[in-house]
Protein chains: 2
Amino acid sequence: MDRVDHFGRDLFVVLDREDGRPLRVQLEEQLRDGVRSGRLRAGTALPSTRALAQELGVARGVVVEAYGQLVAEGFLVARRGSATRVAKVAPAAGPAPAATAARLAPVRFDLRPESADRGAFPRRAWLAATRRALADAPDADLGYGAWAGAPALRAVLAAYLGRARGVVADPDHIVVTAGITQAIALLAGLLHARGARRVVVEEPGFWQHRTILQRAGLALAPVEVDERGMRTDGLPQAAAALVTPAHQMPTGAVLAPERRAALLDWATAHDALVIEDDYDGEYRYDREPVGALQGLGGGRVIYLGSTSKTLAPALRLGWMVLPGALAGAIADERGWSDGGSPALDQLALATFIERGELDRHLRRMRLRYRRRRDRLVAALGDHLPDAEVGGVAAGLHITVALAPDADVDGVIARALERGVAVFATQHAGRALLLVGYANIDETAIEPAVRALAAAVRG
Amino acid sequence: MDRVDHFGRDLFVVLDREDGRPLRVQLEEQLRDGVRSGRLRAGTALPSTRALAQELGVARGVVVEAYGQLVAEGFLVARRGSATRVAKVAPAAGPAPAATAARLAPVRFDLRPESADRGAFPRRAWLAATRRALADAPDADLGYGAWAGAPALRAVLAAYLGRARGVVADPDHIVVTAGITQAIALLAGLLHARGARRVVVEEPGFWQHRTILQRAGLALAPVEVDERGMRTDGLPQAAAALVTPAHQMPTGAVLAPERRAALLDWATAHDALVIEDDYDGEYRYDREPVGALQGLGGGRVIYLGSTSKTLAPALRLGWMVLPGALAGAIADERGWSDGGSPALDQLALATFIERGELDRHLRRMRLRYRRRRDRLVAALGDHLPDAEVGGVAAGLHITVALAPDADVDGVIARALERGVAVFATQHAGRALLLVGYANIDETAIEPAVRALAAAVRG
């Protein structure tokens with residue numbers, strides 16, 4: 001019983017029914033601590049939910065929920081039909097600290113590179129757009145809608161993406177999605193069904209998107225990222241490449257022009273697709289945003305965008321611009337999976353963009369984010385003068401490289417003790433702190449960086 | 001070149017560039033006519049989109065869109081990774097006439113059993129609920145939300161479903177979905193990944209849900225439906241049974257009490273799940289609605305509901321109530337597929353239900369639908385006195401059995417010529433017209449039935 005041993009000897013789960021906190025929360029915390037401390041090693045198979053529930057004398061749902069939460073946080077990996085295991089990336093990197101933070105100390109400074117500024121969501125303008133959508137939608141629009149998305153929204157998006165991102169989009173080639181997560185899930189399913197087996201991903205890259213590809217049965221071919229984005233010399237044979245050219249996630253690099261061309265050449269040579277995740281492409285600070293790769297791609301690029309970084313992840317609205325031959329197939333995948341996006345939300349977004357509200361909001365936010373970024377870089381210069389700061393040209397986070405021998409877990413834990421929530425990743429043998437500025441007030445940046453610097457110095 | 005021959009000899013697609021209508025529309029119409037007339041036989045493989053586009057001299061997207069539309073309408077079947085084929089059910093049944101209708105003649109009388117009354121959507125109350133959700137949601141709710149759904153909505157749903165449908169629901173066992181389509185797609189994926197290979201379905205049954213199960217790799221085990229619902233003597237071995245106990249789709253039968261018990265016994269004996277699609281369970285006219293099967297199910301029933309028949313399909317909001325051990329796994333499937341439902345919509349629905357607006361709306365609509373149903377049954381008695389009328393006790397459609405030798409295609413076509421859109425299905429060797437009354441005014445019922453009767457008599 002190897003599995004149970006892990007829990008008997010290495011983990012020591014102790015649930016305290018007098019503790020006041022739900023048993024699920026206690027279990028989550030102890031599993032999380034076990035992974036972070038290294039007591040539960042990467043790859044370790046956890047007991048089945050049934051077995052652990054029995055062992056602990058709790059309802060199975062408690063264990064199911066706890067496992068699910070930790071999978072969502074990236075500590076555990078659930079593979080369909082096999083045991084849940086301890087994630088490989090968990091101890092050193094990933095979005096792990098968030099949940100721990102909530103318990104260790106109140107988060108005073110939120111530097112997680114997670115979403116747009118949640119406090120800046122234009123509630124009033126969004127309500128006005130919703131009111132208009134409700135007033136104008138013909139009754140027919142309240143039935144089952146087009147799987148590809150509301151025609152009105154697709155027309156508005158085609159114009160917006162052309163103007164804002166240099167995307168060449170016919171409304172008929174756009175499929176509205178619930179966000180980039182769904183776009184990648186739909187693509188992964190379709191590509192696999194059509195025989196694809198391998199996808200190039202950036203190394204390091206965004207772990208959630210990797211998981212989605214793997215769940216669809218696709219193997220990953222990681223390709224190194226440097227300060228000019230993903231390296232394009234020696235790209236391997238693959239059916240597609242998933243890339244973040246505007247602002248690489250997580251390193252913040254912007255894909256260099258010659259590499260853009262090389263990537264497209266590779267796609268042509270291998271009859272492959274380039275999947276362009278333009279997750280925060282609207283934010284560029286040193287000059288006009290570089291247009292999307294899709295504009296150069298000649299029918300080989302699938303462009304993905306969403307409102308998660310411009311408005312709010314909670315809207316669950318995004319879009320794909322596809323080569324013509326794929327648009328219908330992806331719309332079908334969408335339809336069979338959930339019937340399409342809610343019509344009123346789509347019509348509200350169409351109105352919101354058409355009225356210029358998105359442009360207005362972005363202008364305001366670009367200015368605000370830019371000021372925060374400038375303060376952040378300046379404060380890092382003051383408090384961590386030796387740190388290498390990267391990814392400053394675009395996006396909503398920057399990177400701070402730690403010394404090669406730095407104890408990144410210790411840094412994150414000490415930051416949390418000081419009320420600073422921050423993520424980390426590994427890159428080229430060193431730990432990178434990912435310092436987001438979307439959810440921190442300009443005036444809070446100086447004290448936040450001071451606290452972070454203290455944590456880095458130990 | 002067998003495939004091309006079908007188009008050379010049997011179909012004669014002729015696209016007329018002077019016609020004024022888009023080429024896609026013309027192609028759709030001719031393919032649809034080919035299927036409906038029987039020129040294109042069930043199972044026939046269509047040429048690839050590339051080949052047909054070349055042959056016709058049109059952009060490939062035109063063909064992709066046309067195929068996609070006809071798959072959505074049920075004329076064609078797309079299997080991942082293989083040729084698109086002519087559907088088996090298409091000539092005689094299914095939701096086919098809708099699109100043809102739109103072209104043959106304006107639809108004056110909409111008797112399709114498709115959705116709730118689209119004109120009755122409570123726009124003002126929904127806007128008020130949205131306004132409240134936008135005013136009250138803390139900033140944190142605008143980020144990425146819980147994959148299982150907003151806790152506030154799950155709590156409200158647990159109370160509502162207990163009260164309205166006799167569902168035993170812990171909020172932690174509820175997963176919010178984009179509707180019943182998504183619920184079945186998530187379940188099908190999870191069940192298949194866990195080794196399930198076969199699912200019992202009702203015969204006749206709803207073709208879309210069958211397609212979703214098949215797309216996930218599950219085989220169907222159809223079980224005959226009679227006037228007491230699905231027969232439960234001799235249910236085969238299967239991992240699950242997908243049933244519509246409150247109002248069988250399409251026959252309208254209500255599952256008899258002893259069959260409810262037998263179905264649950266079968267589930268226990270075979271360690272199987274019962275998937276209860278309660279798509280219009282809120283509508284029962286002869287007495288209080290029969291409670292959901294889930295309330296008796298002892299942890300073997302997965303309950304599915306949505307707002308599509310009570311409010312509007314366009315909301316894309318539904319729910320699953322799951323045995324505890326499955327709730328976390330389904331929430332994970334949901335999360336990895338699209339990140340969950342939009343938070344503001346969920347909070348609006350929670351507010352809408354909490355304020356009693358859903359109950360108010362349902363009281364009003366039950367009365368209205370009941371009056372329409374009564375008129376419909378009376379008018380059928382006047383104009384088609386020999387017709388067998390079924391499924392009257394509940395739901396939003398009734399059935400009219402045609403004579404065994406009736407030409408159902410002819411009936412539907414003649415009805416369309418008179419401006420009546422109606423669906424049909426096959427049951428026990430006879431054609432059943434499915435006559436919906438959700439989208440027809442009470443005063444229009446008499447002339448609609450008169451026109452329908454004329455179409456039936458030929």
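**Exercise 1. What rotation superposes chain B on chain A, and with how much shift along its axis?**

Before you start, keep in mind that this is a predicted model.

*Step 1.* Look at the turn: a rotation of 180° superposes chain B on chain A.

*Step 2.* Now check the slide along the axis, which is 0.0 Å, and the fit, which has an RMSD of 0.1 Å.

*Step 3.* Put a name to it: this is how copies are related by a two-fold axis.

*Step 4.* See what that looks like at the contact. Both copies use the same surface, and 100% of the contact residues of chain B turn up again in chain A.

**Exercise 2. Work out how much area is buried between chain B and chain A, and which residues of chain B lose the most.**

*Step 1.* Start with the residues: 66 of chain B touch 66 of chain A.

*Step 2.* Next comes the area. The size of an interface is often given as the accessible area lost when the parts come together. Here about 5,400 Å² is buried between the two chains, and carbon and sulfur atoms give 61% of that.

*Step 3.* Pick out the top contributors on one side. B:Arg123, B:Tyr144 and B:Trp336 lose the most area to chain A, and together they make up 16% of what the chain B side buries.

**Exercise 3. Decide whether H6(A) and H6(B) are roughly parallel or roughly antiparallel.**

*Step 1.* Get the two descriptors. Two packed helices are described by the angle between their axes and the distance between the axes. For helix H6 of chain A and helix H6 of chain B, residues 123–136 in each, the angle is about 170° and the axes are 10 Å apart.

*Step 2.* Compare the angle with the cut-off: over 145 degrees counts as roughly antiparallel. So H6(A) is roughly antiparallel to H6(B).

*Step 3.* Find who does the touching. Among the contact residues are A:Trp126, A:Leu127 and A:Leu134 of H6(A), along with B:Trp126, B:Leu127 and B:Leu134 of H6(B).

*Step 4.* Sort the contact by class: you get 8 nonpolar, 2 polar and 4 charged residues.

**Exercise 4. Are B:Arg373 and B:Arg32 buried or exposed?**

*Step 1.* Locate them. B:Arg373 sits in helix H13 (residues 357–383) of chain B, while B:Arg32 is in helix H2 (residues 23–37) of chain B.

*Step 2.* Apply the cut-off: buried means under 20% relative accessible area. B:Arg373 has 11%, so B:Arg373 is buried. B:Arg32 has 1%, so B:Arg32 is buried too.

*Step 3.* Check the surroundings of B:Arg373. Skipping neighbours within four places in sequence, its contacts are B:Tyr285, B:Val392, B:Ala393, B:Ile398 and B:Tyr437.

Conventions. Residues numbered from 1 in each chain as written. Chains lettered and ligands numbered in written order. Predicted model: local features only at pLDDT ≥ 70, side-chain atom pairs only at ≥ 80, totals over all residues. Heavy atoms only, no water. Least-squares fit on C-alpha atoms with pLDDT ≥ 70 in both. Contact = heavy atoms within 4.5 Å. Axes fitted to C-alpha atoms, helices over the stretch in contact; angles between N-to-C directions. Helix = DSSP H or I, 4+ residues; strand = E, 2+ residues; numbered from the N terminus. Parallel < 35°, antiparallel > 145°, perpendicular 65-115°, else oblique. Nonpolar A, V, L, I, M, F, W, Y, C, P; charged D, E, K, R; others polar. Buried < 20%, exposed > 50% of the residue type's maximum accessible area, 1.4 Å probe, protein only. Buried area = accessible area lost by both parts, 1.4 Å probe.
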